[in-house]
Each structure stands twice: as structure tokens, then as C-alpha cells.
Amino acid sequence: MKGSPLAQGVGHRAGRASLTRPLCGHPLPEGEGSDAASNRSFLVLPGPTPMLYAQILLNGLLLGGLYACIAVGFSLVWGVLNVINILHGSFVVLGSYIAYFAHVHWGLHPFLSIFLSGGVLFVVGYAVQRGVINRVIAAPVLTTLVLTFGLDLIVNNGMLLAFTADYRTVRLEHPLGSQIIGGLVVPLDRLAAMGLAVALTVLLFFTLARSKIGRAIVAVRMDAQAAALMGVDVPRIYAVTFGIGALMAGAAGSLLSLVFPISPLNGTEFLGIAFVVCVLGGLGSISGAIVGGFALGAIQSFGALWIGPEHGLTIAFALLLLLLVVKPTGIMGRKGYE
Amino acid sequence: MSTLQLTGVTRRFGGLTAVDDVTMTIEPGEIVGLIGPNGAGKTTIVNLVTGVFKPSTGTIRFDGRRIDGRKPHQISRLGVARTYQVVQPFPDMTVLENVMAPATFAARAPGVQAARTAAMECLEFVGLAPSQGLLASELTLAGRKRLELAKSLAMHPKVLLLDEVNAGLNPAEIDTALELIRAISARGVTIVIIEHLMKVVLSLCSRILVLHHGALIAEGSPQAITRDERVIRAYLGDRYADRTTAAGGANGHG
Amino acid sequence: MIRLVLGVAVVGGAAAVPLVADNYLLRLGTMLAMYAVLAQSWNIIGGYAGYPSFATAAFFGLGAYAGALLQGAGAPMPLAWAFACVVAAAFAALLGSAILHLKGHYFAIASLVVAEVLLEITTSWTSLTGGGMGLNLPILRIPVDAQARLFYWSMLALAVASFVMAWLVARGRIGFALRCIKQNEDAAAMVGIDTTFTKVVAFVLSALFVGGAGAMYASWVFYIEPPDVYAVLTSVKPIVMTLLGGAGTLFGPIIGAVLFLIMEETVWRTFLSVHAAVLGLIIVALIFFLPHGVLGLVKRRRPAAPTAGHGSAGQEPANRGGGA
């Protein structure tokens, strides 16, 4: 039987097939009942409409901080290396797996494993850039796109073999539960994860603004040739930048392990989120990534309410298309890393 | 009828006014120099005339027709050609193909052979015929400047805007370029030349327009311009101008 | 003249394959023809114009659904295929006018996202498309062997059509204009090329037969579902094929499609669980070791004749473009 010829040779088809499988549609199973603020339960919350909107906005913002953290590394790499790193989504997933196994085997809380996942992914990112991507850094856009796509196929296939496509979740022994604050259900673990994500993003901002290596990265972004003339080792800066991009992805992955089920199939979704946040906020600015992240989180939450939870990312994509057509520099305009 | 006529043309970029209420006319067959210090708005005027930018206000006419608001390819097909300050060849095409492009699209050559013939003629005219088979990226800077000239000639222009064609050339190369420009003019092409080198402007142009901070501050024959106090001030600063005028005027040679 | 005879001989030979081949080989042949259509089409926007389009899956899926719906409404198959071509081309015209002002990564992302949005719309519009359940097409009431031949010949005809289209583009004004745009878009406008219009035309041409291929594919497999026909890999595979053979050349996409299919059939069948990784490795190897494709190996750095192109070397080379 010929079946479906096109799909043959399509590895993890379910994962590749769609970037739009809604993550916000299936949050963590609410086993303990403590996570009362998951998306589905707030939809049936009684009460006046303004409260409902406030709750949805809050849920969106809780997501948005994580989105900012996912996107900021992607944005940094795009801005400095002029490379769209298709691997980014898989880096995030890899970070989640590190958090998962660190939690299962060593009981390490995902908030703490950000150092582990970030560190591991920094090394991975540095090596991938030095060993592979740097060889085509000056090639046309299509080359680096296709190359990182190929690398992503390898990494993702590797994760599928190693971890299978099954969804895994990190179940904390002592979840913080939720608190009702001003009539709003605030899931404290998520709030903490969002806070950490934003803190990491801000930390990156100050690293770029203050540290020596950060200044070098900014200089390379402005003008790689001039930076080289001033004694900056540009290939090394490229590799460090790529490493930092992967580090942020890995740390975001750790934090996300508290919020989303973990599977290699999620990689494309995280990549899609990074795309949208970057275009929303404007390429290459950290403040843009934060604004874009929160904007996307809010848009998805309200989109889930008005159009249906399964359309969250589609709405974002449609918005992205519209924005690209109308104002490719993003809502924040184009800015540097300053 | 004037070949080019700019009336009250202003172009702003955000808060910056790059070209400020410029009114000027270029008559058929002239060689006009457009000079001014860096950032005076010369290249912006070229970009306005060729349709890269639209004027914020004001009108531009070519042979009596409004051309402001038209797209670059439309304007080039009317017969307005330009060269770029930074040369813009098609790097991976041969020299001949580079020149066949404007012959095909701007001059609307009826077929490949016609485009080839026209392109070869232009290459011979600028002296690049022996290099026709080289890739454009293989030419020297002087060669690429001549390629730019050949490309603009292949458009059968009525007016040719030369944006610093001589920048980066050595004296011998400049002399060759000057002869070429005169020869182009002799074919009846109106020429507007943007130049830093006073020597070039003074020896070529019948009339000179001076831009400063986006505005036209002087206009006249080369002799008159070199004695114009505003021009000297614009170029050399007030103190120098005061001294020279006090000394009874000198040749305000840049 | 010789080349015309050669071309007719090749096409005739390919058309005669069903006389000797079994159904498995015919299936491969049909796939090959389909791949050739996709790669040849992508080459026009991606290879000649240099715009990194990931929109192939969008055109393919749109064509598949357009054809399937029309067939479902009772239209004859060929009409459905033609309709799919028109739908894909019209969509490309609209989309192209909207996103072709974008450059580089922005264009790539926009074109990539389009397929995702279409996928989602198709999945949600259950009343029309059957949604995630997919769509069944009318079964052909002819023997299996006859079906295999029919789809092989149809897809082959489409491949020949797309080759002829690419050939016309490559040797025509539009191909020349696209090469200018690829190398320097501003300068292209300045030498009199209507860049916007030319790019939109190229985008439409790169969609036309892809839509048809999608519809033929739908008729061939009798059943389509959104993730199948809008798969990201449908956008990526033609790019890999074209790069494999040689982008911006007339024969590159075909050579790439042949090589790609051979690899797909030999390597991936044997290593089912890692075929995505193998494809990834092929991509990495391709970019490192064959950056200009197979044709880049055999072609000299540039043609001996003053104009690039496929003019016969003996006489005056009488064309301006192509660079076959």
C-alpha cells in the first residue's frame, strides 16, 4: 500500500508537522489540585467580567516572562551573528530535560538547575558555533537557515531516541500552591518562575551593558569589522554569543519544566514563540524581547478566551505576519543592545 | 523646456531636513556641478530625482513631466541615469552582462542581440571592451567606475547624474574620466556632476550650484562661485572668509 | 536542435517507463516527478531571485485542498488540478505583494509562518475541510496498475511543464531581471527593472505547478490531512534538492531531486528511527562539502563565452541569461 508517500522519511512527523500545537491549551495536569490557576480552571471561574479579564491578563503575563526568556537568546544570536538559530527550540527542550533528570535523580529544584542547564547548554552552543556554524557565518541567509535546520533535525531525532516522545512532567514534592491575591488566583510556582525568567533577562541586559565581554558583543553587533580592527577576537565573540543564546534557552527550559510537559515535540513550538516575540518586540533589543514576550503571553491568553485555547499560537503567527507586512521593525522599533 | 526642474523641494528624515526648499533648473546640454561640504544634501538630491526617495514637499519635473512620486525603474526608463558614489555592479555577472541589463530594461532593447550591440558600444566608448568577459567583481576600482558609466550610458539617458565618479581615482585616471565625461556631453547628454574635487568641477562645468545644510546658497559660473563669499564661508568657515574678503578677495579654492 | 531531440528522447524514455517498471518503481517515479516539480518551482524564487522562500508547503497544501474539494464536489480530476494551480498562483500573487518587500530572514520567517497559519485555518474550518480528521477523495474506478500509470504520467507531464517554465524564465528577460535582483536589488531598480512586479511574478511562477502537484498528490493518495500536506519538510526538501543539484541553474533541481530520492530510498529505509537525523547529516554535509551543488563541481568558475548561458559554444552565444 502506498499510504502517504510524502510523509515517508518524515521522522517525528507529529512534531515537525505543526508549530501551532497549543501549549497553553494543555498545561500541567492538575493532580494535586493545588495548581488551581491553570488555564482551564480559570475559564469557569465565576464572578464579574473585569475580574476574569484581570485573571486572564495575569495568566498571560506569567507566560510572557518565560516567553521573553526563551526569545532573548534567539534575538541576541540573530542580532549579533545574523543567524536564525532553528536549533533554539531544541535547546530549550534540552534544558527542560536536564532540569527533569536533575530533579528525578538528585532532587534538584528546577529553580536551581538553571545553573546546570544553562552551563551545559553554554558549552553545547559554544561548540556548535565554533565547530559548525562559524564555517558558514558569512554565507547567505538561506545557508545558515538550512544548516541550523539540519542540525535541529539531528538534535531532535537524538532526543526522541534518548527520551522518546512521551510527555514528562516535573512534580515538585513541596509545591508552593496558589494564593488568592486581590481576588486573583496567583500560582506561586509560576510566579516565581516568571520572576526568575525576567531576572535572568535583566541580568543579560546588564552583562551586555557592563561587562567587558558584553561590551565586545555589542561592538561586534554594531560593526564586526571595526571591532576586529580594535582587537576584538570576533570568531570567539560569535561563539560566546551563541553560547549565551543557548544558555538562556537552557535556563528558560529549566523554568518551563515547571509549567509545561516536556517532550522533544515542543521544540518547534518554542522556536515559533521566539520568532513571534522577536518580531513583536523588534530584533536585537532586550527590552524588546521583554515587551514582546509579555505582549505574546497576553495575546495568547485572550486569544484562548475569545477564539479558543487551541488557536493561541496561530493568532500570534497571524499577528506576526501582519506585523511583518506593516512594520517589520517591531512595535518597539529597531534598537541596539544599549 | 528645462531638462530637470526642481521646485521648492524639501526632504526630511525624522527631525533632520536633508534638503531644504531647493529650487533649481538644469537646461538641456549643460554640464552642471553640484557642490557643497559633506552632508550638504547632494546625494539626497540625486536620490530624490531618481525616485529612491519621495520629496516631503515640492515638485520635480523632467522634460516638463512630473516625476516625483514615481518609482526608480519608471524614472530610469524615462531617461534619467545615475552613477553611485559607492559603485553598484552586479558582482557575479560579466562586465558585458552588467551593461546589457540597462540596455535591456531601461532602454528597452528589442532583443538580446540589440542589447548586446548597444552594451558593446557603451563598453567601447568607456574603454572597457577588452574586459567584457571578466566578472564585474574582478575589475579594479577605476574599472568599476567606468563600468558604472557604461551602465548609465546604456540606458540612453537624457540626463546623467554623476555622484562622485572620481572619488578614489589617481590623477591619471581622473584625467581619463574627465575626457570621458566631456565625450558623453558631446553626445548631447545633459550632465549633473557631484564632486568634491574643485579641479574637476572648474574644468568641466558651465554652471555650478552650491548646497549648504540642504539649502541652495549660490549659483553661477565657476569664476563667480570661487569668489562668492557665502561659498567660501560654507567651505572654509567664517574666519577664513573674513580674512580673504578683508584682503580683497582671493580664489576661494577648496 | 540536438538538445531538443535529446530532450524529447529523455521525456519519451521517461514516459515509456511504465512498460517495464512495476508499481513500486512507478511510485518512485511519481515521487521523483513531484520532487522535480517542487524543486524546479522553488528554484525560480529561491535560486534565481535569491529569496529564501519557505512557502512551498503553503502552496502545496493549498493546492491539495483546492483540488480535493473540487473533486469532492464532482469535478473531473484534470479540472481540479488546473483549479489548484490557479488557486496557488493567485494566493502567491496576494502573498507576494504583501511580503516580498521583506528581505533575508524576515522574508524567510514570513513565508515559513504562512504554511502554519494555513494549516491551522484548514484544521479549524471543519465544515469545509474535514478539519483534523482529514479529507477523503473519490476513489478512481480503474485497476491499480492503471492508476499507477495515470499518476506517473500526470506527474511527469507536470514536471516537464515546470521544466519548460524554468527554461523560459532562465533564458528570458525575467530570468535576467531576477539575477540582477539577486545580486543587487537597488541597482536592479536603477537599470530599469520593476523589481516589485518581477519578484511577484517569480513568486507566482514558483507556486503555480506546486499547487497542481499538491492536487495530484491528493488524488493519488485518496486521503489528505493538514499536517501531511502542510508539513514544514515539504518546504525544506525542495530547498535541499535544489542546493544539492545547484541553485540558480536549469538542471540543478532535477539532478538534486534524483539524488535526494535515491538517498531517501536507500539510506532512510534502512535506518527508520534515525531518518530525520540522516536528513540532517545530509544537509550539514551538503552545506560544507557541496556549497554550490553537484553542478558547481562540474561547471567552470564561469562560462568561456562573454555572456553566461547555455548558448551553444560554436556560434555566437545568443542569450543573456541562464547560467545553466
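Which strands of chain B does helix 1 lie across? Select residues 42–49 of chain B, which form helix 1, and find out; keep in mind that you are looking at a predicted model. Helix 1 of chain B lies across strand 3 (31–35), strand 6, strand 7 (159–163), strand 8 (190–194) and strand 9. Against strand 7 of chain B, helix 1 runs at about 145 degrees.

**The sheet under the helix**

Now show the strands of chain B. You should find an open sheet of six strands, in the order 6-7-8-3-9-10, with mixed pairing. To see its edges, pick residues 80–83 for strand 6 and residues 215–220 for strand 10; each of these edge strands of chain B pairs on one side only. Ignoring direction, neighbouring strands of this sheet are turned by 20 degrees against each other on average.

**One edge in close-up**

Next, select residues 207–212 of chain B, which make up strand 9. Five bridges join strand 9 to strand 10 of chain B, and the two run antiparallel. Click on His212(B): opposite this residue, in strand 10, stands Ala215(B).

**Where chain B touches chain C**

For the last stop, bring chain C into view. The contact draws on 28 residues from chain B and 23 residues from chain C. On the chain B side, color helix 2 (72–78), helix 3 (95–105) and helix 4 (112–126), the elements that give two or more residues to the contact with chain C. Helix 3 of chain B gives the most to this side, with seven residues. Color the chain B side by class and you will get 14 nonpolar, nine polar and five charged residues.

How values were computed
Residues are numbered from 1 along each chain as its sequence is written. Chains are lettered from A and ligands numbered from 1 in the order in which they are written. This is a predicted model: local features need pLDDT of at least 70, side-chain atom pairs count only at pLDDT 80 or more; totals for chains, interfaces and linings use all residues. Two residues are in contact if their C-beta atoms, placed from the backbone, lie within 7 Å. Helices (H or I, at least four residues) and strands (E, at least two) are DSSP runs, numbered from the N terminus. Ala, Val, Leu, Ile, Met, Phe, Trp, Tyr, Cys and Pro count as nonpolar, Asp, Glu, Lys and Arg as charged, and the others, Gly among them, as polar. Two strands pair if DSSP finds at least two bridges between them. Axes are lines fitted to C-alpha atoms, for helices over the stretch in contact, and angles run from 0 to 180 degrees between N-to-C directions.
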